[in-house]
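Reader: I'd like to go through this one and ask where each label comes from. Can you set the values against the definitions as we go?

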Amino acid sequence: TYVSAELIKVLDEIYNSATPWSLMAKGKATIDAITNEIKEKREAAIADVINILDAKFQALTGLSSYGALQANQQQQITAMFDVLKSKAQSERYIGNLIAMNNQVTDTYNKCLDSINHWIEEKQKAQEEEARKKAQQPNGGGQTTTQPNTPHVIHKVVSKQKAMSVTFDKPVLETKEDVEKYVDALKTQLMQYIEQNNNIMLN
């Protein structure tokens, strides 16, 4: 599938020749050329997967919410990407490497979900701790009524989720359609922001 048609044609001609034994040198040279072509395309496919993995990983680690995670939680994120990188580097088949792009995206989205879950748990714990401190008596025997507001760590919404808008038409046909769609998209994005979410753009 991934070999140039010219090289396949040469092999077919040798295979169908009345005197294939006289074309063995040409056949070996063609097979060598095919081998090299497959090797180069496999290496290019591996590089593509690695580049996507690195870009997605950098996007995650650049989040302020990632920096707020515990060390073991960050290690779980790193481990998921290391597993995929190792798998890509050892994968023999070009088709499987191309298909890995979807797996990278799935892993990226799962990591975003995990980060959001961990951040939500952390903020709940901080709010509970602040509430308990507010109920403790101070030096004068009085209880503090106003708890310290914990620092808000923003959760993250993926671009795919944020930009997916429910619209009453499957096709934008007029300027009015575009304006309505943009208004719907703006409304949805503003709702995410008002809910203390950051929106990924990559």
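Author: Sure, and accessibility comes up first: buried means under 20% relative accessible area, exposed over 50%, and partly exposed in between (1.4 Å probe, protein chains only). Bear in mind that this is a predicted model, where local features need pLDDT of at least 70, side-chain atom pairs count only at pLDDT 80 or more, and totals for chains, interfaces and linings use all residues. Residues are numbered from 1 along each chain as its sequence is written, and side-chain values use heavy atoms, with hydrogens and water left out.

Reader: Why is E128 called partly exposed?

Author: E128 has a relative accessible area of 31%, so it falls in between the two limits and counts as partly exposed.

Reader: What makes E128 and R131 a salt bridge?

Author: The rule asks for a side-chain nitrogen of Lys or Arg within 4 Å of a carboxyl oxygen of Asp or Glu. Here the N to O distance is 2.4 Å, therefore the pair qualifies. Both residues lie in helix α5 (residues 94-135), three residues apart, which is about one turn of the helix. As for what a helix is here, helices (H or I, at least four residues) and strands (E, at least two) are DSSP runs, numbered from the N terminus.

Reader: What makes K28 and D32 a salt bridge, and where do they lie?

Author: Their closest N and O atoms are 3.0 Å apart, so they pass too. K28 and D32 sit four residues apart in helix α2 (residues 24-61). K28 is called exposed because its relative accessible area is 53%, whereas D32, at 35%, is partly exposed. A search of the whole structure finds eight salt bridges.

Reader: Which residues does the network of salt bridges link?

Author: K169, E173 and D177. K169 lies in the loop between α6 (159-162) and α7, and its closest N and O atoms with E173 are 3.0 Å apart. K169 also makes a side chain to side chain contact with D177 at 2.6 Å. That one is called polar because a polar contact is a pair of N or O atoms within 3.5 Å; within protein, one must be able to donate a hydrogen and the other to accept it, and residues adjacent in sequence count only if both atoms are side-chain atoms.

Reader: Why is E173 called exposed or buried?

Author: E173 has 60% relative accessibility, so it counts as exposed. K169 has 29%, so that residue is partly exposed.

Reader: How do you know that N197 is buried or exposed, and which residues does it touch?

Author: N197 comes out at 8% relative accessibility, so it counts as buried. Leaving out residues up to four places away in sequence, N197 touches H154, K155, V156, V157 and Y192, where contact means heavy atoms within 4.5 Å. N197 is found in strand β2 (residues 197-199).

Reader: What makes the phi of N196 worth a mention?

Author: N196 has a positive phi of about 65° although it is not a glycine. Most residues other than glycine have a negative phi. N196 sits in the loop between α7 and β2, and at 37% relative accessible area it is partly exposed.

Reader: And what is the confidence across the chain?

Author: The chain averages a pLDDT of 88, and 93% of the residues score at least 70; pLDDT is the predictor's confidence in each residue, from 0 to 100. Confidence is lowest in strand β1 (residues 155-157), at a mean of 82, and highest in helix α4 (residues 71-90), at 96.
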